[in-house]
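Let's take a walk through this chain together, going from the overall fold to single pairs of side chains. Keep the viewer open as you read.

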Amino acid sequence: MTDADPRSLSERQRDEAPDADPRSLSERQRDEAPAPAAGEEFVQSLARGLAVIRAFDAEHPELTLSDVARRTGLTRAAARRFLLTLETLGYVRSDARAFALTPRVLELGFSYLSALSLPEIVQPHLEALSREVGESVSAAVLDGPDIVYVARVPTRRIMSVRITIGTRFPAYATSMGRVLLAGLASGEVDAAASTLPALTERTVTEPAALRAELARVSDQGWALVDGELEPGLRSIAAPLHARNGAVVAAINVSTSSTRDSVEHLLEAYLPLLLRTAEAIDAELRLV
């Protein structure tokens with residue numbers, strides 16, 4: 001026997017009515033990108049369950065059933081089943097109106113972080129660098145077309161979104177992304193930067209221009225991005241290397257264009273950033 005729907009008629013009509021898409025252009029472009037090809041071993045239900053978890057982020061910590069269905073592309077009935085399953089497992093909590101993730105969801109990423117010595121190695125170096133420059137500093141790795149933050153020392157909020165461990169940004173428009181992309185083979189760069197939507201009026205959107213910039217980054221050993229991810233945001237990044245010399249991560253200093261000029265980043269922050277990267281590299285060679 002199935003349970004009767006406890007919602008009132010007006011609530012059901014609200015949940016079943018089509019909603020306007022609240023996502024920004026960049027979010028829609030990201031979400032509408034072609035999905036990777038699924039092989040015979042692909043478990044679609046697992047992929048959908050993970051999509052429900054990823055629907056929550058710093059800007060959307062609580063979502064209604066309609067929100068989850070819209071952000072994942074699932075039907076409301078399917079979204080409800082996944083949410084109730086996640087709630088039973090302890091990964092989601094709910095009240096009468098909305099759903100939210102619980103701290104238990106951190107278990108899903110802890111296995112990766114605990115096996116990855118990088119955050120543990122870089123964190124004290126980032127803290128020292130942040131004290132020296134008085135700005136927010138971070139470390140990230142490359143995951144497909146995105147960077148993913150794995151360590152961070154924030155000093156003040158300089159972006160419209162809150163950056164935390166696990167935050168993702170398109171690599172092509174970030175300083176850390178560019179030093180990571182510059183460490184890839186040309187074929188891998190083409191795959192990771194196949195689409196370059198403009199995030200601001202300064203964003204590099206031409207593949208040839210991006211490849212030229214990545215070549216310059218590779219030669220000089222650092223990258224500076226000025227207002228390409230978000231207006232007014234400036235950052236400078238350097239690569240981190242494994243024992244075999246491969247680029248495995250990046251660190252950066254980020255600031256505001258109202259507070260620091262490009263010249264100040266290059267003269268005051270870059271030498272300290274490169275010195276910090278060298279110190280981290282020395283430790284990574286021992287891992």
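Helices and strands here are DSSP runs, with at least four residues for a helix and at least two for a strand, numbered from the N terminus. Counted that way, the chain has 11 helices and 9 strands. Please keep in mind that this is a predicted model.

A few totals help to set the scene. The chain has 287 residues, and 41% of them count as buried. If you take the contacts between residues at least 6 apart in sequence, 57% of them join residues at least 24 apart. The accessible surface comes to about 16,000 Å², and carbon and sulfur atoms account for 54% of that.

A good place to zoom in is helix α11, which spans residues 262–284 and has a kink of about 45° at Y269, shortly before the proline P271. Y269 is also one of the buried residues of α11, a list that includes L265, L270, L272, L273 and I280. What do the buried residues of α11 pack against? Their neighbours are helix α7 (118–133) together with the strands β7 (223–226), β8 (233–241) and β9 (247–256).

Helices α7 and α11 are also linked through charged side chains. E132 and R275 form a salt bridge, with 2.6 Å between the closest N and O atoms. This pair links distant parts of the chain, as E132 belongs to α7 and R275 to α11, 143 residues apart. Both partners are partly exposed: E132 has a relative accessibility of 41%, and R275 has 45%.

That bridge is one of 13 salt bridges in the structure. In general, side chains of opposite charge can pair when their charged atoms come close. Another pair to look at is R93 and E62, whose side chains meet at 4.0 Å, N to O. Here R93 sits in strand β2 (residues 92–94) and E62 in strand β1 (residues 62–63), 31 residues apart. R93 is partly exposed at 44% relative accessibility, and E62 is partly exposed as well, at 39%.

For a pair within a single helix, turn to α10 (residues 207–220), where E213 and R216 lie 3 residues apart, about one turn of the helix. An α-helix has 3.6 residues a turn, so residues three or four places apart point the same way. The side chains of E213 and R216 meet in a salt bridge of 2.1 Å, N to O. Is each partner buried or partly exposed? E213 is buried, with a relative accessible area of 12%, whereas R216 is partly exposed at 45%. Salt bridges can also share partners, and in this way E62, R93 and R97 are joined into one network.

Aromatic rings round off the tour. The count of aromatic pairs comes to 1. It is formed by Y149 and F169, with 6.0 Å from centre to centre and 80° between the planes, an edge-to-face arrangement. Y149 lies in strand β5 (residues 146–153) and F169 in strand β6 (residues 168–170), so the pair links distant parts of the chain, 20 residues apart. Both rings belong to buried residues: Y149 has a relative accessible area of 7%, and F169 has a relative accessibility of 10%. One more ring deserves a look: R104 lies over the face of Y91, 5.5 Å from the ring centre.

Methods. Residues are numbered from 1 along each chain as its sequence is written. This is a predicted model: local features need pLDDT of at least 70, side-chain atom pairs count only at pLDDT 80 or more; totals for chains, interfaces and linings use all residues. Side-chain values use heavy atoms; hydrogens and water are left out. The bend at a residue is the angle between axes fitted to the seven residues ending there and the seven starting there. Buried means under 20% relative accessible area, exposed over 50%, partly exposed in between (1.4 Å probe, protein chains only). Contact means heavy atoms within 4.5 Å. Rings of Phe, Tyr and Trp (its six-membered ring) pair if their centres lie within 6.5 Å; planes under 30 degrees apart count as stacked, over 60 as edge-to-face and the rest as tilted. A charge sits over a ring if NZ of Lys or CZ of Arg is within 6 Å of the ring centre and within 35 degrees of the ring normal. Accessible areas come from the Shrake-Rupley method with a 1.4 Å probe; for residues, only the protein chains shown count as cover.
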